[in-house]
Every structure is written in C-alpha cells, then in structure tokens.
Amino acid sequence: MSIVLTPYWSPDEGIQKLKMEARAKAPAVPGLAPPVFSMRAQIDRTLLQLRSRTSPIEKYTFLAQVKQADVETFYKLCLAYMPEITPIIYTPTVGDACLQYSKNYRHSEGLFISLKDKGRIGNILRNWPLANEARISVVTDGSRILGLGDLGVNGMPIAVGKLSLYVAGAGIRPSSTLPITLDLGTNNSSNLSDPLYLGLRQRRPPDAEYNAFMDEFITEMKRAYPKVLVQFEDFSTDHAFSYLERFRNSLPLFNDDIQGTGAVVLAGLLSAARLVPVPRNEHRILLFGAGSASVGVAKQLMSFFTITGMSEEAARSQIWLVDSKGLVYVGREEVADYKMYFARRHYTGLPMKDLTEIVKYVKPTVLLGLSTIAGAFTSEVIHEMSQNTPRPIIFPLSNPVHLSECTFTEALTYSNGTAIFASGSPFGSEIIGGVRREPGQGNNMYIFPGLGLGAILCRAKSVTDSMVQASALGLAGSLSWDERALELVYPRIGRIREISAHIAVKVIRAAQKAGVDNSTDLKRMSDTLLLEFVKGKMWNP
C-alpha cells in the first residue's frame, strides 16, 4: 500500500488542500525488484526473519518495522499465522512495548493530544493525514495500562495494537484506523524523572479540569469525525465508568475494558457451563479483583442468568466481589460507589480477606481473576473450588502473563484435571491422563473486532448494552463441532475473521432491534445475505 497526495476543495476554509490517501501498492517496474520475487516467498522470508529474533520485544519491534515498510505484507503475515503473531503485536508483549516506548520510540503511529492543547483540540484532530477515511478510533489516556499502572503516553502501543487487531480480525481498512493517546500528565514518578519520557512532565489534574478536557475532546471528535466509532481503552477505574456513562450517547462509543471484557467472559462462561452438570440458576460466581474490568464483567454476567428468565435481583445475588480489602459487602469501610451494586446486603460477619476462607464461605462454582495478583489462586483455593462442583470453572484473566492468578498447569494439577480453564494471556497445552488439554484464552480480540465492524457497517448512533450482549452470544455460538468435542471454551483464534463476521451480524441485528442503526437497507437482508455482505466488506491485503 502506498500513500498519495490528492488535492481537494475545502468549502469551510475556501481553499484547496491536499489529503493523503492509501492506494494499493503497484507492481514494481522491471529492474526495481529481483527477477524471481513472489509474495508467498516474501511471507516465508519475513516469517523466517521474525523467528530468528530471540526475545518477544525484538519480535514486536521487527513487526512494527515490517508494518511501516509494507503494510500488506504485515497483515498477510498476521492472517496466515494469527496464533503466533497475536501474542507479539498485543498481549502479552504489548505490555513490554509500552514500558519501553519512550526508550524505543522511532516514529509516530498515532495522534497525541495533550492537556496543553485544550482550546484547540479540534485543530489537532484535523491534523491526522487520513482524516477523511477514519472509521474507528481507539483512545487511551494511559492511566491504567493492562496491570502495569499509569504509563502516560507510553500507552500508545495499546491503541496501535488494538487497531492492528481490528484490521487483522475484522478486515477494517488500515487507512480507516486512528490511534489516539490523550496526554493529561502522569502520576508515575518513574515517567516524570525519565529524561527520555515523551509526555508532559506533570501530574494528572483534578477531575474538574480532566472532565473539561474530555468534554472538549468528545465534542470536537464528533465534529471532526462524525463517522467514527470510538473505543475507550485503559482509562483508570473511576474515569472508565464515568466517561462511558458521560459520553456513550454523544457518539458511537464503548469501553473495551468494561464491556469487551465482560462480553468475552460471558461467552466463555456460557461455553464452560455446558460442560458442568450444574443447573444454570445454581451457579455461583466469585470475582477476585474489583476494578473497572471486574465490575464490568459482573454486570455483563447478569445476562448469564437473566437470559433464562431469572430476575435481575436474583441474578445479582449469584455474584460476589472480592477487592483488596476482602469480600465486598454493605457496611464495610472503603467500598467505592461503582462496586455497591454487587455489595452483599445480608452479610453480617467480620471482614473476610483470605481468599481460601471466602471460597469456603461462598462455595462458588466459577472463580474469575481480574486482580493482577500473580499466584492468588493457590493450591488451597483451587482445591476448595473442587469441593463445590465436579468441574470448577477457573478463569485467571489478568494480563500480562506474569500477573496471572494461576497457570494452566496449576489449575489442572490442583483440581486433579477437572478444571475448565481460560486465561487472559496465552498458556501452552498440557497432557493430563494421556489426553492433551488445550487452555482457553479469554482475549477481548474475540469480541471487539466483530462488535466494531457491526457497529460501523450499520452506522450505529450508539453502542447499546444489547449490542454488546449480542457480541457475547455470537461468540459463544461460534464454536465448531470439533472445538466443542475438545471441550474448548473459545474457538481457535485462527478462525477470527469467520468469528468476527458472525458476531457482526448479531450486533447489526441488535442495533436494528434497538433502533440505533442508520443503514436501513440492511434490515431487508436475510441473515444469510447479511453475513455475505459483512464478509464482502472485509479488507484483505
């Protein structure tokens, strides 16, 4: 793909301007390419070079160089070797890329808007070279990157990586993606003292100033990019919830940490529950960790019960939260407002902090980890889980891999091979009793590409809760027969485009039912025709 300058008339400014457009790469003229050159051999050559790198961060850097030099080769490689490439361009390696961003920085891949730009944010937004083509933007303020904390502008690789997955996983055109990092300072003292740090050297402002900046950003984003879907990513817990509610009806917007994580966990739980001889209304879910992702998951998991007819109040009673202070209940000190919905109302005992004791008390059938506390699911905890159900469902979802609450090996060993497992980061397969067991990975990549594609194609005015739920149900329904036979919780990632197309159809139908779609022609299509339409809109390198 090449970038060309095309003149156009700007009626607002009354002048002729130039815009940058992506064009398919033309074949090299004779003499400017080797005599025997083929794209297939080039993919093999690039893969060989990639595998010669020894560390994950070296592989990440190499792929970034490939992407800059030849975007089509980069995405051909992604599509051909998705299981191998995904952990390099996103979790877990993207965490290291963020930590080393200021040290390794070579060129900008996205748009930076800082607190100093307040009052002219619209002008900054319009400086993006491919503004007219933008359809999807991942926006982060870098305040809570994975489990690594406040990284400030070093969070840019998160936005870049997520958008690479939109392209690889759902066929969004590369030229339609817009990574944005909002620099509102950082409370990370290491960043502030780092002479190479690329962001503002100041602490984050009070909420009033923060909110005023975000109000201007969203207002100008809507003006500059009326066709763009916005995904919020890795905002701090308090801002993640407040900004989702504040802006979700201003433009099509969702928060992947809250809604995407919740949807992928709901899909995994629906798949796992089919393997457990426990009626759905008797499942008890314990979430260890109560940040924005965890509470978002808890809210999404209400659907696990309500879609079978259970009341909302009854569904809520089946879900328990544990935060850094222990079991969350009404009357306990230091319970944040956003956790109160799931605080236990009838617990009258002493504060309970030990996870093993909490598992004994709650008797959960499902244990989810979103704490970023490595090793929190000890042998005692997993053994206790095994007393509650013949097939304990154990999902240590924290990222990166070194912060996972337990490993696949530990979950199987401590449960005598009975655990149904999915994690946030990838683990290798294990052989138990002569049978190879494959771990599930609750990667948001299963959800957000299809959710975003569906919202874009139907030109949704907003992203409703029903659309997010539809993405979860679409993922749960996408397991093939052989994947079900192997007791997989999630489909194989190599099928991601097929999965994303299936999810996009479900999302479009949900948008139509909610009355937030603007592409009315899609309503007249059957599901079969709509699926073909979605696939036909996917970009292929």
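Colleague: How many cavities of 30 Å³ or more does the structure hold?

Modeller: Two cavities of that size turn up. A cavity here is a set of points on a 1 Å grid over the protein atoms alone, where a 1.4 Å probe fits but cannot get out. This is a predicted model, in which local features need pLDDT of at least 70 and side-chain atom pairs pLDDT 80 or more, while totals for chains, interfaces and linings use all residues. Residues are numbered from 1 along each chain, and side-chain values use heavy atoms, without hydrogens and water.

Colleague: What volume does the largest cavity have?

Modeller: About 310 Å³, where volume is the space filled by probe spheres set on the points.

Colleague: Which residues are closest to the centre of the largest cavity?

Modeller: Tyr60, Ala64, Tyr101, Asn104 and Glu109 are the closest, out of 17 that line the largest cavity. A lining residue has an atom within 4 Å of a point.

Colleague: Which helix gives the largest share of that lining?

Modeller: α2 does, with six residues. Three helices, α2 (56-69), α6 (101-104) and α8 (156-170), each supply at least two residues of the lining of the largest cavity. Helices are DSSP runs of H or I with at least four residues, and strands are E runs with at least two.

Colleague: And how much space lies in the second largest cavity?

Modeller: About 100 Å³. Its lining includes Tyr60, Ala64 and Glu109, along with Leu63, Phe74 and Ser164. α2 gives the most to the lining of the second largest cavity, four residues, and both α2 and α8 supply at least two.

Colleague: New topic, rings. How many aromatic pairs are there?

Modeller: The whole structure has 17 aromatic pairs. Rings of Phe, Tyr and Trp (its six-membered ring) pair if their centres lie within 6.5 Å; planes under 30 degrees apart are stacked, over 60 edge-to-face, the rest tilted. One of the pairs is phenylalanine 235 with tyrosine 243, an edge-to-face pair at 6.2 Å centre to centre, with 85° between the planes.

Colleague: Are phenylalanine 235 and tyrosine 243 buried or exposed?

Modeller: Both are buried, meaning under 20% relative accessible area (exposed is over 50%, partly exposed in between, with a 1.4 Å probe and protein chains only). Phenylalanine 235 and tyrosine 243 also belong to a cluster linked by ring pairs, together with Tyr210, Phe232 and Phe247.

Colleague: Why is the pair of tyrosine 347 and tyrosine 361 edge-to-face?

Modeller: Because the planes of tyrosine 347 and tyrosine 361 are at 75°, with the ring centres 5.5 Å apart. The pair links distant parts of the chain, 14 residues apart: tyrosine 347 is in the loop between β10 (326-327) and α15 (355-362), and tyrosine 361 is in helix α15. Tyrosine 347 is buried at 12% relative accessible area, whereas tyrosine 361 is partly exposed at 42%.

Colleague: Which ring does the charged end of arginine 316 sit over?

Modeller: The ring of tyrosine 341, 4.4 Å from its centre. Arginine 280 lies over the face of phenylalanine 304, at 4.9 Å from the ring centre. The rule asks for NZ of Lys or CZ of Arg within 6 Å of the ring centre and within 35 degrees of the ring normal.

Colleague: How many disulfides does the search find?

Modeller: Zero. A disulfide needs two cysteine sulfur atoms within 2.5 Å.

Colleague: Why is cysteine 78 not in a bond?

Modeller: The closest cysteine sulfur, in cysteine 98, is 17 Å away, which is too far for a bond. Cysteine 78 is buried, with a relative accessible area of 1%. Cysteine 98 is buried at 0%.

Technical notes:
1 Å grid on protein atoms, 1.4 Å probe; cavity = no way out; pocket = protein on both sides within 12 Å on 5 of 7 lines; lining within 4 Å.
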